[in-house]
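Reader: I would like to go through this model with you and ask, for each label put on it, what the label rests on.

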Amino acid sequence: MTHATWAHSRAQAYHAIWRARVWTETPARLSLLRQIVASSTTVSLVLGSGGARGLAHIGAIQWLTENGYDIRSIAGSSMGALVGGIYAAGKLSVYAEWVLALERMQVLRLLDPAFGRAGLFKGERIMAVLRELIGDFDIQHLPLAYTAVATDLVSGEEVWLREGKLFDAIRASIAAPLIFTPFDYCDRKLLDGALVNPVPIAPTLDDTTDLTVAVDLSGPAEARPLAPASAPIPDGNAYRQRIRAFVESLRPSKPATAPTRGIVDIAFASMEAMQNTIARLRLAAYSPDVTVEIPRNACGFHEFWRAEELITLGRERTAQAFAATGR
């Protein structure tokens, strides 16, 4: 079957779904999706935002490539932009090896306080480490299409970054309010893309790939999707102890004690609620061929030392999502 013929068949399949008004997971829609997935090879990959949960993107990409899918296009917000950009540069295995070796104190050492500025951390230290580890690339020269999504602080507009230095685009896309300072990019102050589009499917709509796969890090909460991390942070100097106190303040409150929430807890909970709602609306509006759902309570926003568990989770949930479509 030629690509043109397949594209026509796919359009007919979606038109049939629309005419039948079966946008819920009915047998008719599942049957049509199985036909689409069964004949697909090339992929537009959409990687959502979600802090450390974004490490599950590594597992999703590993599963796709190991099972013969050819990723031709990537769009990502926040951690999705970071993992997707590193994959587009051909360095995902290098990054995976590095992040798998990270321990809790090493994560804390990557934070560089932004005293008196519009965010707790500058983000320069982690970007410098990643540039040294991965190298920097021009987006327009990457071997596949890549879009990092950010938010214009002044206008509130969604910004698609498709040219320029890769790690500049990534830094803009991960600029979570309160956590990282806004990023100055081409005379604009940019913030985290998740503020307007946590699962950025729209940048892939003009792609000519066979399949659109979205990895949503705001999936329904589950009872213990991962075992909680319990290793204590070792004592250090006063600076490290202050960082530790900040990170520990981000932990979800235990139901039994129900302590008063601090400003950081409230800020994170508010942003999560907003982004979860936007993600659901975006997914409903664009309806990708396959949606991989990572539970929103899989780990804390900052728990980057849990890479092994999260990568495994990403692989497992991607396999489950494809199996549900008959693959």
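The exchange below takes up confidence, burial, salt bridges and a cavity in turn.

Reader: What makes some parts of the chain less certain than others in pLDDT?

Author: This is a predicted model, and the protein chain averages a pLDDT of 82, with 74% of the residues scoring at least 70. Over residues 1–23, however, the pLDDT is below 50, although this stretch has 30 contacts in the model beyond near neighbours in sequence. The pLDDT also stays under 50 over residues 230–236, for which the model has eleven contacts beyond four places in sequence.

Reader: What does the protein chain contain in the way of helices and strands, and what share of its residues is buried?

Author: There are eleven helices and eight strands in the protein chain, and buried residues make up 51% of its 327 residues. Among contacts with a separation of 6 or more, 75% are between residues 24 or more positions apart.

Reader: Why is Ile134 called buried?

Author: The label requires a relative accessible area under 20%, and Ile134 has 4%, so Ile134 is buried. This residue is found in helix α7, which spans residues 124–134. Leaving out residues up to four places away in sequence, Ile134 touches Ile86, Lys91, Val94, Tyr95 and Phe167. With Ile86, the C-alpha to C-alpha distance is 7.4 Å, while the two are 48 residues apart in sequence.

Reader: How do you know that Asn197 is buried, and what is Asn197 in contact with?

Author: Against the cut-off of 20%, Asn197 has 0% relative accessibility, and therefore counts as buried. Asn197 lies in the loop between β6 and β7, and, leaving aside neighbours within four places in sequence, is in contact with Ser77, Val149, Glu158 and Arg282.

Reader: What makes helix α8 mostly covered?

Author: Helix α8 covers residues 166–173, and seven of its eight residues are buried. The buried residues in α8 are Leu166, Phe167, Ala169, Ile170, Arg171, Ala172 and Ser173.

Reader: Why is the contact between Arg315 and Glu66 called a salt bridge?

Author: The term calls for a side-chain nitrogen of Lys or Arg within 4 Å of a carboxyl oxygen of Asp or Glu; the side chains of Arg315 and Glu66 meet at 2.6 Å, N to O, so by the definition the pair qualifies. The pair links distant parts of the chain, with Arg315 in helix α11 (residues 307–324) and Glu66 in helix α3 (residues 56–66), 249 residues apart. Arg315 is partly exposed, with a relative accessible area of 27%, whereas Glu66, at 52%, counts as exposed, the cut-off for that class being over 50%.

Reader: What makes Glu157 and Arg188 a salt bridge, and where do the two lie?

Author: The closest N and O atoms of Glu157 and Arg188 are 3.1 Å apart, to be set against the limit of 4 Å. Glu157 lies in the loop between β3 (145–152) and β4 (158–161) and Arg188 in strand β6 (residues 188–192), so the pair ties together parts that are 31 residues apart in sequence. At 43% relative accessibility Glu157 counts as partly exposed, and Arg188 counts as partly exposed at 29%.

Reader: How do you know that Glu222 and Arg317 form a salt bridge, and is Arg317 buried or exposed?

Author: The closest N and O atoms of Glu222 and Arg317 are 3.0 Å apart, which is to be read against the limit of 4 Å. Glu222 lies in the loop between β7 (211–219) and α9 (238–249) and Arg317 in helix α11, so the pair ties together parts that are 95 residues apart in sequence. Glu222 is partly exposed at 33% relative accessibility, whereas Arg317 is buried, with a relative accessible area of 15%. A search of the whole structure finds eleven salt bridges, and Arg131, Asp136 and Asp168 are linked in a network of salt bridges.

Reader: What lines the second largest cavity?

Author: A search of the whole structure finds two cavities of 30 Å³ or more, and the second largest cavity has a volume of about 120 Å³. It is lined by 13 residues, of which Ala176, Asp192, Glu272, Gln275 and Phe301 lie nearest its centre. The largest share of this lining, four residues, comes from helix α10 (residues 263–286), and by class the lining has six nonpolar, five polar and two charged residues.

Key
Residues numbered from 1 in each chain as written. Predicted model: local features only at pLDDT ≥ 70, side-chain atom pairs only at ≥ 80, totals over all residues. Heavy atoms only, no water. pLDDT = per-residue confidence, 0-100. Contact = heavy atoms within 4.5 Å. Buried < 20%, exposed > 50% of the residue type's maximum accessible area, 1.4 Å probe, protein only. 1 Å grid on protein atoms, 1.4 Å probe; cavity = no way out; pocket = protein on both sides within 12 Å on 5 of 7 lines; lining within 4 Å. Points joined across faces, edges and corners; volume = space filled by probe spheres on them. Nonpolar A, V, L, I, M, F, W, Y, C, P; charged D, E, K, R; others polar.
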